[in-house]
Amino acid sequence: MKVLAISLLAISSVWASYYQDAYPAVHPCPGYKMGSVTEMPNGFTAALTLAGKPCNIYGNDINDLVLTVTVETNNKVNVLIEDKDKKQYQIPQEIVTLNKNSKLNSFDNLKISYANHPTAGFGFKIMRGDEAIFDTMGKPIVFEDQYLELTSVLPKNANIYGMGESPDDLRRDPDDTIKTLWARDAGNPFKENTYGAHSIYMENRAGKFHGAYLHNSHGMDI
């Protein structure tokens, strides 16, 4: 089984890759533990606290985070993870307004489950029926002042599309590849980032599509 690693960085160096089930030893990060949960009419919020010794990959691990999950419609779930002190930059709503009136039809209602993993800390699953379409369980979340890392499990030979311009196949190669989201005036470099960077991907599983939009303005490796 493969996993999808999403790295977001506010500095020049980046790291991300597809890798096997075992988390790579070069990043022995503790993840976060979920604490108190506050229920809301359309979701919940929860406190996340660093679960062990900071790993400080490309910056300083932030100790306290806030998780906010909002179920907007049967087919749209927003997951926001932010620093408790709100010192990290977020895209203002007046620049990018998230659509909260989706009228898309869904095959199955989306649900979210979560738990504290014994070694990787907090993780969550977004479920469509009985299938997890986004699953971070067992993969530590890394949240630093200059680096973020979020990992989701993928099925074998995943059919993934999107993520911006690149002279490459329409279907993204799921085996040990990196897609860089960093727009640049580079002509037509084969399998490299060029003019357009769009932080959304779509995946087709047995005729059912789902998409994940990454609401962040920093450079990314996926």
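Let's start with strand 14, residues 200-205, and strand 15: these two pair in the antiparallel sense over six bridges. Strands here are DSSP runs (E, at least two residues; helices are H or I, at least four), numbered from the N terminus, and two strands count as paired if DSSP finds at least two bridges between them. At one of those positions, Arg205 has Lys208 in strand 15 as its bridge partner.

A word on what we're looking at. This is a predicted model, where local features need pLDDT of at least 70, side-chain atom pairs count only at pLDDT 80 or more, and totals for chains, interfaces and linings use all residues. Residues are numbered from 1 along each chain as its sequence is written, and side-chain values use heavy atoms, with hydrogens and water left out.

Back to our pair. The loop between strand 14 and strand 15 holds Ala206. Ala206 is not a glycine, yet its phi is positive, about 55°. For context, most residues other than glycine have a negative phi. Is Ala206 buried or exposed? It counts as exposed, at 88% relative accessibility; the cut-offs are under 20% relative accessible area for buried, over 50% for exposed, and partly exposed in between, with a 1.4 Å probe and protein chains only.

Zooming out, strands 14 and 15 belong to an open sheet of four strands, in the order 12-11-14-15, with antiparallel pairing. Its edge strands are strand 12 (171-172) and strand 15 (208-213), each pairing on one side only.

Staying in this part of the chain, have a look at Ser166, in the loop between strand 11 (159-162) and strand 12. Ser166 is buried, with a relative accessible area of 19%. How far apart are Ser166 and Lys191 in space? The C-alpha to C-alpha distance is 5.8 Å, while in sequence the two are 25 residues apart.

Lys191 brings me to the second largest pocket. Rolling a probe the size of a water molecule over the atoms shows where empty space is left. On a 1 Å grid over the protein atoms alone, a cavity is a set of points where a 1.4 Å probe fits but cannot get out, whereas a pocket is an open set with protein on both sides within 12 Å along at least five of seven lines; lining residues have an atom within 4 Å of a point. Grid points are joined across faces, edges and corners, and the volume is the space filled by probe spheres set on the points. The second largest pocket holds about 230 Å³ of space. Its lining has 14 residues, with Asp168, Thr177, Ile178, Lys179 and Lys191 nearest the centre. By class, that lining has four nonpolar, four polar and six charged residues. The nonpolar class is Ala, Val, Leu, Ile, Met, Phe, Trp, Tyr, Cys and Pro, the charged one is Asp, Glu, Lys and Arg, and the others, Gly among them, are polar.

Now the other sheet I'd like to show you. It is open, has four strands in the order 2-3-4-5, and its pairing is antiparallel. Strand 2 and strand 5 (76-83) stand at the edges with a single partner strand each, so one side of each has no neighbour in the sheet. Neighbouring strands of this sheet are turned by 20° against each other on average, direction ignored; the axes are lines fitted to C-alpha atoms (for helices over the stretch in contact), with angles from 0 to 180 degrees between N-to-C directions.

Inside this sheet, strand 3 and strand 4 run antiparallel, joined by seven bridges. Thr45 has Thr68 in strand 4 as its bridge partner, and Thr49 stands opposite Asp64, also in strand 4. Strand 4 then pairs with strand 5 over eight bridges, again antiparallel, and these two form a hairpin with two residues between them. Here Val69 stands opposite Val79 in strand 5.

Past strand 5, in the loop leading to strand 6, sits Lys86. Lys86 also has a positive phi, near 55°, and is exposed, with a relative accessible area of 55%.

Last stop: which cysteines does the disulfide join? The structure holds one disulfide (a pair of cysteine sulfur atoms within 2.5 Å), and it joins Cys29 to Cys55, S to S 2.1 Å. Cys29 lies in the loop between strand 1 (2-9) and strand 2 (32-40), and Cys55, 26 residues apart from it, in the loop between strand 3 (43-50) and strand 4 (64-73). The link is right-handed, with 95° about the S-S bond. Cys29 counts as buried at 7% relative accessibility, whereas Cys55 is partly exposed at 21%.
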